[in-house]
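Me: Could you take me through this structure and tell me, for each term you use, what justifies it?

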Amino acid sequence: MSVPVTVEKIFTRNFDRPGSHTLGVYRETGGYTALPKALGMEPAAITEEVKQSNLRGLGGAAFPTGMKWSFIPKGSTAPKYLVINADEGEPGTFKDRYLLERDPHALIEGMIIAARAIDSHTGFVYIRGEYVRPWEIFSGAVKEAYDAGLLGRNIQGSGFDFDIVVHRGAGAYICGEETGLLSSLEGKKGWPKIKPPFPAIKGAFGQPTIVNNVETIAAVPHIINRGAAWFAGLGTKTQGGTRLYSVSGHVVKPGVVETSVSVTLRSLIYDHCGGIPGGRRLKAVVPGGSSAPILTADEIDVTMDADGLKAAGTMIGSAGVIVMDETVSIPEALMVVARFYAHESCGQCTPCRESTGWIYKISHRIVEGKGRKDDLDTILDVAKRGAGTTICAFYDGAVGPYVSYIEKFREEFEALIPRDA
Amino acid sequence: MPKLTIDGKEVEVAPGTNLIEAARQAGVEVPHYCYHPGLSIAGQCRLCMVDIEKNPRPQIGCNTQAADGMVVHTQTERVLETRKSIMEFHLVNHPLDCPVCDQAGECWLQIYYMRHGLYDPRMVDEKVHKPKAVPLGPHVILDAERCILCSRCVRFCDEVTGTGELGIFNRGDHSEIGLFPGKTLENKYSGNVIDICPVGALTDREFRFQVRVWYLDTARSVCNGCARGCNIEVHTSRRRVHHNQGRRLARIKPRHNPDVNRWWICDDGRYGFRWIDDDTRLLAPVRRANGKDVQLGWDEAVAVLAEALRRYRAEEIGILASPQMSNEDLFALQRIAGRLGIRAVDHRVPPRVPGDEDHLLIRADKHPNRRGAELIGLDQAETRAILDGARDRRIKLLWIFQHDLLDSGLPTADVTAALAGAEMVVFQGPSANATSAGAHLVLPSAAYVEREGTFTNFQGRVQRFRTVVEPLGEAAADWDILGRLGRALGGEDPAPVATRAEQVFAGLAGQVPAFSGMTYRGLGDVGLMVKA
């Protein structure tokens, strides 16, 4: 076992400190010192600082954050909204939960700074319905911030107003999709919206809107405090900072790991998480939440940055790492994933609505020993034909496991299909 | 104006035009389900994919605006394959119950499968089951298994009527159209969701199972239900006369006219045609004397009326024309009244109850040609004065077109006194009523669908309606009856007797300034405005 590379902890620095969710402890450790600095900066300068930091969206799409902010129409007098995606529904992902529970003021401080950058006076935090405890803790932190004059009118005498509305989702995966979230926030069914128009032009309630992930915004106070160059220096050429990995499944120490954006998957599993328990062998890893194509045990020497995983035919997504040892049946795993996507498809676009259910039925039949000779090719063909034809990325996310599980473990599927079928 | 190329054809379109409409203008059909020009863009069915040069993958045509210099291809291998795939997805859970589905023959699943699908089905698993034969309201019934979830009906109720009865419930392949709790689909335009439903999910409770659509014939017409004059198609069942319970008219569908009714009609207009095949229709001229009905031939009937019109002095004759009559009918009547010097003419009979009106299509005036009657000048007297004259026996011949005065806003006692006071009451119209029952001479008019002509709507738009079916019995168009009467009256009539409505219209255009310069054929399918 090699020694993990030591990386400065940013997001998790206070996780183990008692009372880390309170304003008092947050302040003791340097909290809310970025805020006065940012309130004294020109909005464009904040955006520029974030651009220089190479901060990228940590919710899944890895879009450069500063660039996203700059899409808000210049000089627009319309109300603008900052929306925080705390729906965290991607299977295998649970990092935002830790941030909401253990460092909620980092998100609040980051939101105020981001709001100043995009000239927004109202922010929404959309928290997934199942996150009762995170919602309670975060709501408490918002109240503390209001009581301390950190939210509301004329924050810290700066003349800047900003309110936070905490909104609870009702449990649909699709409401974590940027525009599905906005529909849900507007009180409608959580259907993703057709683009164009993009949210920065016409988002929540028809107004210019920026949607960012919890972790992304929690990074912002650190960037303002310690400078873009410092943050950028922590990462790779194209992505600054550290990030949180949610590691689950067959590892000795599952949990949230903060480390380099370019750690290798092998190091993450064996150095940070103690390897595979019980002396069993590693079989497969899903590196970025359930939508990321699967990797075999032979493919884990990849770096976890966007380029490294792309070269390996998969993606970082939400950095939810699901580790499977040799006891896992991949056809069963596909059936479970397929059931999830069939259940969660919003039903709006025909290819996704119809084929997620179809593929689940086939995968279920295979596991039951009633597979047919053509089934695997049918799944692959249906998945590939539907890919890229829908309003949102949900279906492309489902295609990741459909195709990769079968292509990488085809023999295991074929073994379940009766020879005379 | 953006200029773009679609399948090698250059086309210039209005700014904001999407690629489906731009292609239509270039003569290229882009298949689609959820897109409807009268509704917002949903982008859900994913069928209208086209290739746009410099775009890495096909884009939906409905949500892509035409841009200057854009080069669009609708027939690339990739587009054709995508269409085929989307058709397979649309049909994966479809019950394929075409033999018992009322939409068969006009179903866009059938049409597009044949044009763009033609794949070998691969679905071998149990399909998703959903509610079937669910009445949504008085006119519409839902089969959720046939539904392709295009959301057109939902958007219609949200955006056009603003009534919001429908929603899509559940998720994924269990999604289904349904009513919100406590709602019924009974807005005044509910039948339109049947028209815009591209498949057999929403069908017409009255029409379904009456006749297969491939046995229907179609003619263009104009609704006679109110002053709007919505453009319609009338569908008739004559090829299998035992179908549709033996009735000739099977259904009415809206016909697009951007300036009158767009794509819609109201339910009153859609379902208001049953009287045309009812047994209350008048089938032959009848003379009634001493409590006995004597059926007459047309020559005889016209001679009787001509004799009566000559017998009485002009001021002893009162005429109540009807705004249900066409411009040609009214013009022919006006000519006869003019020749004879009859001045007691009106078309205004108040309804028993005031008509309802809304901001979409429905007009309070339930007659299609009030404006025509006004422009032709058939309101030289007041209905009340004419009836008073009959009651006081100053008016001796009362010639009533269509109106049931006994079921109107006029006091019944006044009407009874007038009908009793007149020496001779002539009724001319398509259907019997209490007023016709007491007339001395009854002349059967063809219903508007049994002849051709024009109506002038409340906006002043002159619109043609066509012959859909032949008149029942001996019934004839009013202009035709009046032409024969003109000949029977003898004397000086400079105009030759018309044998076609077009000839009467030419006379109208020549003599009534509002219609000057118009030709019957020039009216086209969407009509022309009268001169202000």
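**Sheets and a helix pair**

Reply: In chain B, strands 6, 7 and 10 make up an open sheet of three strands in the order 6-7-10, with antiparallel pairing. Its edge strands are strand 6 (134-135) and strand 10 (202-204) of chain B, each of which pairs on one side only. This is a predicted model, in which local features need pLDDT of at least 70, side-chain atom pairs count only at pLDDT 80 or more, and totals for chains, interfaces and linings use all residues. Residues are numbered from 1 along each chain as its sequence is written, while chains are lettered from A and ligands numbered from 1 in the order in which they are written.

Me: What makes strand 6 and strand 7 of chain B a pair?

Reply: Two strands pair if DSSP finds at least two bridges between them, and strand 6 is joined to strand 7 (residues 140-142) of chain B by two bridges in the antiparallel sense. Val134(B) has Leu142(B), in strand 7 of chain B, as its bridge partner. The strands themselves are DSSP runs (E, at least two residues), as helices are (H or I, at least four), numbered from the N terminus.

Me: Why are strand 11 and strand 13 of chain B said to stand at the edges?

Reply: Chain B has an open, antiparallel sheet of three strands in the order 11-12-13. Strand 11 (216-222) and strand 13 (249-254) of chain B each have a single partner strand, so one side of each is left without a neighbour in the sheet. Strand 12 (residues 231-237) of chain B is joined to strand 13 of chain B by five bridges, and Ile232(B) stands opposite Pro254(B) of strand 13.

Me: Why are helix 15 and helix 17 of chain A called roughly parallel?

Reply: Helix 15 (residues 350-367) and helix 17 (residues 394-408) of chain A pack at about 25°, with their axes 10 Å apart. Angles under 35 degrees count as roughly parallel, over 145 as roughly antiparallel, 65 to 115 as roughly perpendicular and the rest as oblique, so helix 15 of chain A is roughly parallel to helix 17 of chain A. Axes are lines fitted to C-alpha atoms, for helices over the stretch in contact, and angles run from 0 to 180 degrees between N-to-C directions.

Me: How do you know how confident the predictor is in chain B?

Reply: The average pLDDT of chain B (confidence in each residue, from 0 to 100) is 96, and 99% of the residues score at least 70.
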